[in-house]
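Please work through the exercises below with the sequence and the coordinates open beside you. Each task is followed by a solution that goes step by step.

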Amino acid sequence: MNNQELLNIELEEYIKVVALTDEEKVALQKWVSEGHSVHENTCGAEDGHGNYLDFLDVYRDEKEIEDTLEGMTDEEKAAFINIYFRDIPDEMPNPMSRKAYLETELIRLRNENTLYRDFIQYRKLEADFDKYREPKFRFASDVETDELPSDDVELPFREVLS
């Protein structure tokens, strides 16, 4: 087998365990057809421990950034990019900066969550994960009143131990 055939086999195995949109699948297939592994990426991005991020992780990050920047003014784009790349000023002078920071953190956390979920599924660790994950949170409206602790604070959700 030559290198491209091995890369194609790797791609087929990857597609079996990772949920992809049609657009992501086309981009990933093009990447692999150019002689790259699914576990490499366009910019050599790493996870902070020396491990390369998969093409799909970087592709999704880039797509989310593009979608977020679409429709922003140049000033809003500059603020978003500064915040996204952790060049956060000591004081955020206007609400847009604070909003952009929170939106950026949401994107980062969603991507991190997806990475962990995919890894857990890939390694078939769902049962072990369920044993150790943090307590579940549910909206108070979905919880029987006798399950809720009695206090005067009205919250949209309550911690409910499983």
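The exercises concern a predicted model, and they go from the overall fold to single helices, a pair of side chains, a pocket and a loop residue.

**Exercise 1. The overall fold**

Task: State how many helices and strands the protein has, and in what order they run.

Solution: Begin with the count, which gives six helices and two strands. Next, follow the chain from the N terminus, where the elements run α-α-α-α-α-α-β-β. Then turn to burial: of the 162 residues in the protein, 25% are buried. Finally, take the contacts with a separation of 6 or more, of which 36% are between residues 24 or more positions apart.

**Exercise 2. Helix α1**

Task: Compare the length of α1 with its expected span, and determine how its buried residues are arranged around the axis.

Solution: Helix α1 covers residues 3-17, which is 15 residues, and from its first C-alpha to its last it reaches 22 Å, close to the 21 Å expected at 1.5 Å a residue. Within α1, the buried residues are L7, L11, Y14 and I15. Seen down the axis, these residues of α1 fall within an arc of 100 degrees, so they line one face of the helix. This spacing fits a general rule: an α-helix has 3.6 residues a turn, so residues three or four places apart point the same way. The partners of the buried residues of α1 are α2 (22-33) and α3 (55-69). At the start of α1, a side-chain oxygen of N2 comes to within 3.1 Å of the backbone nitrogen of Q4.

**Exercise 3. A residue of α1 and its distant contacts**

Task: Decide whether E10 is buried, partly exposed or exposed, and find which residues beyond its sequence neighbours are in contact with it.

Solution: First locate E10, which lies in helix α1. Its relative accessible area is 25%, and because the partly exposed class runs between 20% and 50%, E10 counts as partly exposed. Leaving aside neighbours within four places in sequence, E10 is in contact with S37, V38 and H39. For H39, the separation from E10 is 29 residues in sequence and 9.3 Å in space, C-alpha to C-alpha.

**Exercise 4. Helix α2**

Task: Carry out the span check for α2, and then say which residues lie on its buried side and which on the face turned away from that side.

Solution: The twelve residues of α2 should span 16 Å at 1.5 Å a residue, and the end C-alpha atoms are 16 Å apart, which agrees. The buried residues of α2 are E24, A27, L28, W31 and V32. Down the axis of α2 they occupy an arc of 135 degrees, so they line one face of the helix. On the face turned away from the buried side are the exposed residues D22, V26, K30 and S33. The buried residues of α2 pack against α1 and α3. Just after α2, G35 has a positive phi of about 95 degrees.

**Exercise 5. A polar contact between two helices**

Task: Identify the side chain with which E24 makes a polar contact, and describe the surroundings of both residues.

Solution: E24 is in helix α2, whereas R60 is in helix α3. With 9% relative accessibility, E24 counts as buried; R60, at 19%, is buried too, because the cut-off is under 20%. The side chains of E24 and R60 are joined by a polar contact of 2.8 Å. Not counting residues up to four places away in sequence, E24 touches A19, L56, Y59 and R60. On the same basis, R60 touches V18, A19, L20, E24, T114 and D118.

**Exercise 6. The largest pocket**

Task: Describe the largest pocket by its volume, its lining and the elements that supply the lining.

Solution: The largest pocket holds about 1,400 Å³ of space. Its lining consists of 43 residues, and those nearest its centre are L53, D54, D57, N111 and L115. The elements that give two or more residues to this lining are α1, α2, α3 and α5 (95-122). Of these, α5 gives the most, with eleven residues.

**Exercise 7. A positive phi in a loop**

Task: Place K124 in the chain, and determine whether K124 is buried or exposed.

Solution: K124 lies in the loop between α5 and α6 (126-132). Its phi is near 55 degrees, a positive value in a residue other than glycine. At 65% relative accessibility, K124 counts as exposed.

Definitions and conventions. Residues numbered from 1 in each chain as written. Predicted model: local features only at pLDDT ≥ 70, side-chain atom pairs only at ≥ 80, totals over all residues. Heavy atoms only, no water. Helix = DSSP H or I, 4+ residues; strand = E, 2+ residues; numbered from the N terminus. Expected span 1.5 Å × (residues − 1). Buried < 20%, exposed > 50% of the residue type's maximum accessible area, 1.4 Å probe, protein only. Arc of directions from axis to C-beta. Contact = heavy atoms within 4.5 Å. Polar contact = N/O pair within 3.5 Å; in protein donor to acceptor, adjacent residues only side chain to side chain. 1 Å grid on protein atoms, 1.4 Å probe; cavity = no way out; pocket = protein on both sides within 12 Å on 5 of 7 lines; lining within 4 Å. Points joined across faces, edges and corners; volume = space filled by probe spheres on them.
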